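Please find below some comments on the two-chain model, set out as numbered points. They are meant to be read with the coordinates open.

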Amino acid sequence: MHLALFFIFGGLAVLFALNLLLQRHPINSALSLVVVMMSLAVLYWSLGAEFLAAAQIIVYSGAVMVLFVFVIMLLNAGEEEHTRGSKVAAIAGLPGAAAIFCVLSFVFLSEGHKLGLSHLGGSLDEATSNISQISSLLFTDLLLPFEVTSILILVAILGAVVLAKKER
Amino acid sequence: MVPISYYLVLAAILFSLGIAAYLVKRNVITIFISIELMLNAVNLTFIAFAHQWNKLNGQIFVFFVMVVAAAEAAVGLAIIIALFRSRQTLNVDQVNLLKG
């Protein structure tokens with residue numbers, strides 16, 4: 001069942017990532033990325049990361065992608081036209097991406113027997129849930145980085161407001 | 001029982017598709033979307049290794065990557081709006097003020 005789950009949602013993610021690459025209209029690319037993120041959330045859950053699966057759906061496909069879709073509709077982005085620069089990038093870029101994929105998958109598959117198997121669901125500790133483990137780690141050992149991220153978000157909000165403000 | 005290497009190969013596929021989209025696309029919003037795809041592929045790698053080593057550090061790292069990605073999306077989209085206001089285009093080939 002775990003293998004079937006992996007192949008269904010992994011295949012869905014790859015299919016819609018390809019669709020992202022092939023579509024000409026930005027709104028189609030953004031909506032394909034939502035499907036990729038949803039299927040990745042299922043894969044996170046199958047690896048025992050329940051909190052991150054929920055955060056993936058709420059933060060990524062909920063908040064970030066809605067922001068993307070808003071901006072695409074606000075700027076009324078149409079179909080992209082192909083230019084001379086994009087042909088050069090297509091000739092040089094696609095083999096480069098294929099080479100990176102070949103190197104990575106060769107390393108992963110040749111060392112695969114050392115990595116072992118994954119078990120469906122949380123394998124860390126059956127007694128406590130994933131979210132309480134993460135929160136206890138986050139609010140004890142990693143309290144300072146956690147608080148620093150709140151400053152980061154504050155700076156990002158201020159930066160976004162200043163950048164998007166109309167100039168006079 | 002799925003080998004961990006399958007998850008890593010899936011992440012490699014998604015990452016290379018993100019690179020290809022980043023290089024081929026000419027619309028600045030689509031380029032930004034492909035960066036998000038690459039970030040998600042790396043997150044999958046972190047979670048697969050966290051599962052394999054039975055440690056939570058990888059999941060904490062993904063949490064921080066999500067926070068940084070959300071902040072980056074807000075600032076990046078504000079920059080795109082400012083760019084569109086001054087140049088009236090989203091095509092990166094027409095934004096060549098710094099090109100010699």
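The points below take up the domains, the contact between the chains, the helices and a few single residues.

1. The model is a predicted one, and the remarks here should be read in that light. Chain A is divided into domain 1, covering 2-128, and domain 2, covering 129-168; the C-alpha centres of these two domains of chain A lie 24 Å apart.

2. The contact between the chains draws 72 residues from chain A and 59 residues from chain B. On the chain B side, β1 (2-3), α1 (4-24), α2 (28-53) and α3 (57-87) each contribute at least two residues, and the largest share, 20 residues, is supplied by α3(B). Sorted by class, the side of chain B that touches chain A holds 45 nonpolar, 10 polar and four charged residues.

3. The two chains are also joined through strands, since DSSP bridges are found between them: strand β1 of chain A (residues 117-118) runs antiparallel to β1(B), and two bridges link the pair. One of the residues involved is Ser118(A), whose bridge partner in β1(B) is Val2(B).

4. For chain B, the unreviewed UniProt entry lists residues 6-24, 31-54 and 60-84 under "transmembrane region"; these annotations may be inferred rather than shown by experiment. In the model, the span 31-54 of chain B is 96% helix and 0% strand, with its end C-alpha atoms 35 Å apart. The span 60-84 of chain B is 100% helix and 0% strand, and there the end C-alpha atoms are separated by 36 Å.

5. What span should the 26 residues of α2(B) have at 1.5 Å a residue? The expected value is 38 Å, and the end C-alpha atoms of α2(B) are 38 Å apart, which agrees. Of the 26 residues in α2(B), 19 are buried, so this helix is largely enclosed by the rest of the structure.

6. The same check can be made in chain A, where helix α2 (residues 26-46) has 21 residues that should span 30 Å at 1.5 Å a residue; its end C-alpha atoms are 31 Å apart, which agrees. This helix, α2(A), is followed by Gly48(A), whose phi is positive, near 90 degrees.

7. Most residues other than glycine have a negative phi, and two residues of chain B deserve a look on that account. Asn54(B) has a positive phi of about 60 degrees although it is not a glycine; this residue comes just after α2(B), in the loop between α2 and α3 of chain B. Asn54(B) has 10 other C-beta atoms within 10 Å and is therefore exposed. Gln88(B), likewise not a glycine, has a positive phi of about 60 degrees, and is placed in the segment after α3 of chain B. With 8 other C-beta atoms within 10 Å, Gln88(B) is exposed.

8. Which residues does Ala69(B) contact, once its neighbours within four places in sequence are left aside? They are Val64(A), Glu36(B) and Leu39(B), so that a contact to chain A is included among those made by this residue of helix α3 of chain B. Ala69(B) has 19 C-beta neighbours inside 10 Å and counts as partly exposed, because a buried residue needs 20 or more. Between Ala69(B) and Ser34(B) the C-alpha to C-alpha distance is 12 Å, while the two residues are 35 apart in sequence.

Technical notes:
Residues numbered from 1 in each chain as written. Chains lettered and ligands numbered in written order. Predicted model: local features only at pLDDT ≥ 70, side-chain atom pairs only at ≥ 80, totals over all residues. Helix = DSSP H or I, 4+ residues; strand = E, 2+ residues; numbered from the N terminus. Expected span 1.5 Å × (residues − 1). Domains from an automatic or database assignment. Contact = placed C-beta atoms within 7 Å. Nonpolar A, V, L, I, M, F, W, Y, C, P; charged D, E, K, R; others polar. Pairing = 2+ DSSP bridges. Buried ≥ 20, exposed ≤ 12 C-beta atoms within 10 Å, placed from the backbone.
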